[in-house]
Amino acid sequence: FNLALLTSFRFIAKPCAINLGIQDSGPHRAQPNAILEKVFTSITKSPDGKRLEGLSKQLDWDVRKIQRWFRHRRNQDKPTTLTKFCESMWRFTYYLSIFFYGIRFLWTTPWFWDTRQCWYNYPFQPLTSRLYYYYILELAFYWSLMFSQFTDIKRKDFLIMFVHHLATIGLITFSYMNNMVRVGTLVLCLHDASDFLLEAAKLANYAKYQRLCDAFFMLFGVVFIVTRLGIYPFWILNTTLFESWELIGPYPSWWLFNGLLITLQILHIIWSSLIIRTAYKALVRGKVSKDDRSDVESSSEEEDVTSNSTKGVFSTSSNGSNRINGHVASDQWTEE
């Protein structure tokens, strides 16, 4: 469902991107070479020093030139800025819509104001249609993220995001099956609070509005840390660990449920440290010299220097691709 919406949404996002001057052009393409192409497709995409020396003698090329060829070849298979803009615009629309839907829904519920209400009369609590659709939409979206992760760029935080998606899907499914939907809605809404800000920052970055991008990213960082390191442990974990134990006792699935929630908290801490590190570089040094999970490699040291001269939180490399390209995910932080 969500993948179908993403495909149809590109018909809306693409004209917006073109109007903002975003071209459908990818990274610099590697020079055609049958020998190197065969090595790239059949043996390795990142040859070691010994293989590089052998190729250098075989082709009478400098080792440095061969390294540059492999960098270009790896980059040319990655999505263009236009493609990433369309994806981020779709995610921005989804995260913003589902967040405001959740806030509007929860504003009228008693457990939004008193978390102890999550456990009164448990498990005999009614499942309304609005609550049901809220859960199904969130579950469908995270399943789409799970599947798309295997076809998207293989980023350095692949394992972390994979664990995050598994924990999220497990929590949504588990809480629904055990009728823990009240506390589940609080977790979902809290996680959606910062995701749309990251996507907004990426949209501004792709459109080359650097100041707007930096502002959105800083706002995203503040909201993320406040919600994930402040509200989540003191509001969500407090009610699942202590209030539930007090009101209904240690039910059989208590350990598994809270184990998944604590796993999410560990991921929150990891992502928060990455956000703080990126923001520190941007504020103190005025630039981000190298993102911890860049999805596009610089083609040479000269290109690295050009990339590093770009100011802002989302430093842009010489081929036009962003250095922080989360999900969250993904998407570096969200995607949650």
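**Exercises on helix packing and nonpolar cores**

In this predicted model, W90, R91, Y94, Y95, I98, Y101, G102, R104 and F105 in α5 meet R130, L131, Y134, L137, E138, F141, L145 and S148 in α7, where contact means heavy atoms within 4.5 Å. Residues are numbered from 1 along each chain as its sequence is written, and side-chain values use heavy atoms, with hydrogens and water left out. Because this is a predicted model, local features need pLDDT of at least 70 and side-chain atom pairs count only at pLDDT 80 or more, while totals for chains, interfaces and linings use all residues.

**Exercise 1.** Describe how the residues of the contact of α5 with α7 divide by class, and how the two helices are oriented.

*Step 1.* The contact of α5 with α7 holds eleven nonpolar, two polar and four charged residues; here Ala, Val, Leu, Ile, Met, Phe, Trp, Tyr, Cys and Pro count as nonpolar, Asp, Glu, Lys and Arg as charged, and the others, Gly among them, as polar.

*Step 2.* The axes, which are lines fitted to C-alpha atoms over the stretch in contact, with angles from 0 to 180 degrees between N-to-C directions, come within 11 Å for α5 and α7 and cross at roughly 155°.

*Step 3.* That angle makes α5 roughly antiparallel to α7, since angles under 35 degrees count as roughly parallel, over 145 as roughly antiparallel, 65 to 115 as roughly perpendicular and the rest as oblique.

**Exercise 2.** Work out how α2 is oriented to α4, and which residues meet.

*Step 1.* The axes of α2 and helix α4 (residues 63-76) come within 11 Å and cross at roughly 55°.

*Step 2.* The helices α2 and α4 are therefore oblique to each other.

*Step 3.* On the α2 side, L36, E37, V39 and F40 meet I66, W69, F70, R73 and R74 in α4, and this contact has six nonpolar, no polar and three charged residues.

**Exercise 3.** Find the largest nonpolar core and the helix that gives the most to it.

*Step 1.* A nonpolar core is a set of buried Ala, Val, Leu, Ile, Met, Phe, Trp, Tyr and Cys residues joined through side-chain atoms within 4.5 Å, with buried meaning under 20% relative accessible area (1.4 Å probe, protein chains only).

*Step 2.* The largest such core has 56 residues, and Y232 and F257 are those with the most contacts inside it.

*Step 3.* Helix α9 gives the most to this core, with twelve residues.

*Step 4.* Apart from this core lies another, of eleven residues, among them A30, L36, F40 and L55.

Notes. Buried < 20%, exposed > 50% of the residue type's maximum accessible area, 1.4 Å probe, protein only. Helix = DSSP H or I, 4+ residues; strand = E, 2+ residues; numbered from the N terminus.
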